[in-house]
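Please look through the sequence and the structure shown here before reading on. The paragraphs below then explain selected features step by step.

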Amino acid sequence: MSVPMTEAVVVEVPDAYEGGELEYKMGIEFLELSATRSVARMPVRGNRQGISLLHGGAFVVIAESLGSISAAAHAGPGRYAVGIEINASHSRSATEGHVTATCEALQLGGTVCVHEIVIRDDEGRRCSTVRMTNLLRDHRAS
């Protein structure tokens, strides 16, 4: 299902935006953020497992970061997104360079958002495909 572009809420990426503590530690750089499409990149070095392959959990971290930010952009002011499901299929790993994750909306509803995140290596080869579902909630007054 395609999502109409009228649903897009473009979020300007501040020059100093690095995400949360985990994204910062992993060196994730956010390049584009919106409800319908977001992009980030992450270095392989520093995020590898013992046999020098990019850790599978690192794929999930960059994917979940983008899926959450995209869902929050769709939720809008006074609302927030909570991840309720994530599924990752790793088809190849990387040992050097960077990986780039592209997040695209599959469903932008009033209470649930679904995004697909495709992560590719520097040669453009698909390494991981992740689907994430977020529940949209209203902030409660204190």
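The explanation turns to confidence, then to the strands, the nonpolar cores and the salt bridges.

The structure is a predicted model, so its reliability should be considered at the outset. The mean pLDDT of the protein is 89, and 85% of its residues reach 70 or more. Residues 1–17 need separate treatment, for pLDDT stays under 50 over this stretch. The model has 28 contacts beyond four places in sequence for residues 1–17. Where pLDDT is low, the predicted coordinates should not be read in detail.

The pairing of strands offers a good starting point. Strand β4, which covers residues 79–90, is joined to β7 by eleven bridges, and the two strands run antiparallel. Within this pairing, E85 stands opposite T133 of β7. Strand β7 is also joined to β6, in this case by nine bridges, and β6 and β7 likewise run antiparallel. Here H115 has M132 in β7 as its bridge partner. Strands β6 and β7 form a hairpin with four residues between them. In that hairpin, G124 takes a positive phi near 85°. In a regular strand the side chains alternate between the two faces of the sheet.

Next comes the interior. In soluble globular proteins, nonpolar side chains tend to be buried together. The largest nonpolar core of this model has 24 residues, and those with the most contacts inside it are I28, M42, V99, I117 and I119. Which elements give two or more residues to this core? They are the strands β2 (29–34), β3 (37–43), β5 (98–108), β6 (112–121) and β7 (126–138), together with the helix α2 (56–75). Helix α2 gives the most to this core, with seven residues. Apart from it lies another core, of eight residues, which includes A73, A105, C113 and L136.

Charged residues supply a further set of links. Side chains of opposite charge can pair when their charged atoms come close. How many salt bridges does the structure hold? There are nine, and some of them can be examined individually.

One salt bridge is formed by R41 and E29, whose closest N and O atoms are 3.9 Å apart. Because R41 lies in strand β3 and E29 in strand β2, this pair ties together parts that are twelve residues apart in sequence. R41 is partly exposed, with a relative accessible area of 27%, and E29 is partly exposed as well, at 40%.

Another salt bridge links D138 with R79, and the closest N and O atoms of this pair are 2.9 Å apart. D138 belongs to strand β7 and R79 to strand β4, so the pair ties together parts that are 59 residues apart in sequence. Strands β4 and β7 are those described above as joined by eleven bridges. D138 is exposed, with a relative accessible area of 52%, whereas R79 is partly exposed, with a value of 25%.

The side chains of D121 and R125 also meet in a salt bridge, at 2.7 Å from N to O. Is D121 buried or exposed? With a relative accessible area of 8%, D121 is buried, while R125 is partly exposed at 37%. Finally, E32, R37 and E104 are joined into one network by salt bridges that share partners.

Definitions and conventions
Residues numbered from 1 in each chain as written. Predicted model: local features only at pLDDT ≥ 70, side-chain atom pairs only at ≥ 80, totals over all residues. Heavy atoms only, no water. Core = buried A, V, L, I, M, F, W, Y, C linked by side-chain atoms within 4.5 Å. Buried < 20%, exposed > 50% of the residue type's maximum accessible area, 1.4 Å probe, protein only. Pairing = 2+ DSSP bridges. pLDDT = per-residue confidence, 0-100. Contact = heavy atoms within 4.5 Å. Salt bridge = Lys/Arg side-chain N within 4 Å of Asp/Glu carboxyl O.
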